[in-house]
Amino acid sequence: MLLIVGLGNPGGKYVANRHNVGAMAVEAIAQDHGFSPWREKFQGLVSEGVLQTPAGPVKTLLLRPQTYYNESGRSVGAATTFYKIPPEDIVVFHDEIDLAPGKFRFKTGGGHGGNNGMRSISSHVSPDVRRCRIGIGHPGDKNRVSGYVLSDFSKAEEQWLGPLLDAIARAAPLLAAGEHDAFQTKVTHLAPAPGNGEARD
């Protein structure tokens, strides 16, 4: 089973925050691929379905932790323990302030880079999970980061956000197939970052 996690905070007041873009991504996957209705489990919300790949269907569990962002690892740990899912079968979508707005990058493992959701997952599960980093940009001053990530996307940002979420959903079968380079390439081709084309950092 493939576990795809979308990080964010629970509750209506956070739903459109930059910090919740990971949760938005898994919601887009669920909608695009006809997954089951969301239900409460593992201190989170889960949706089940399959992603169709050339090699056949891949059973997939989508998870939106409801533990608050900084404690995401508790929810992910509960799901991985129950289903005995190894780190290499876990994918986490999260916001990334060190990437320009709209940029998308896939990576496996590595440090948490100050992202407290990833810090929690590394602690409770493993640092070796796969990560899909969605660029939201940096406010320019470290003292403004908290307020920035906990505020809603601007109208201008929504112009790239919708196409990016759609691209992630459309390319998800490549992720399920383990074709990570092809997955990133398709996402960035369908939804190039504003002002950056498909340039890579």
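User: Let's start with R133 and E96: what kind of contact do their side chains make, and how should I read it?

Analyst: The general idea is a distance test: a salt bridge is a side-chain nitrogen of Lys or Arg within 4 Å of a carboxyl oxygen of Asp or Glu. Here R133 and E96 meet in a salt bridge, at 3.2 Å from N to O. Keep in mind that this is a predicted model, where local features need pLDDT of at least 70 and side-chain atom pairs count only at pLDDT 80 or more, while totals for chains, interfaces and linings use all residues. Residues are numbered from 1 along each chain as its sequence is written, and side-chain values use heavy atoms, with hydrogens and water left out.

User: Which parts of the chain does the R133 and E96 pair tie together?

Analyst: For the general idea, helices (H or I, at least four residues) and strands (E, at least two) are DSSP runs, numbered from the N terminus. R133 sits in strand β7 (residues 130–135) and E96 in strand β5 (residues 90–96), so the salt bridge ties together parts that are 37 residues apart in sequence.

User: Are R133 and E96 buried or exposed?

Analyst: The cut-offs first: buried means under 20% relative accessible area, exposed over 50%, and partly exposed in between (1.4 Å probe, protein chains only). R133 comes out buried at 16%, and E96 is buried too, at 8%. Strand β5 is mostly covered, with 7 of its 7 residues buried.

User: How many bridges join β5 to β7, and what does β5 do with β1?

Analyst: The rule for pairing is that DSSP finds at least two bridges between two strands. β5 and β7 run parallel and are joined by 6 bridges; D95 has I134 in β7 as its bridge partner. β5 also pairs with strand β1 (residues 2–6), again in the parallel sense, over 4 bridges. There, V5 has V92 in β5 as its bridge partner.

User: And where do side chains point in a strand, generally?

Analyst: In a regular strand they alternate between the two faces of the sheet.

User: Back to the charges: how many salt bridges does a search of the whole structure find?

Analyst: It finds 6. Among them is R39 with E48, whose closest N and O atoms are 2.6 Å apart. R39 is partly exposed at 36%, and E48 is partly exposed at 26%. Another is R74 with E71, at 4.0 Å from N to O. R74 is partly exposed at 35%, as is E71 at 33%.
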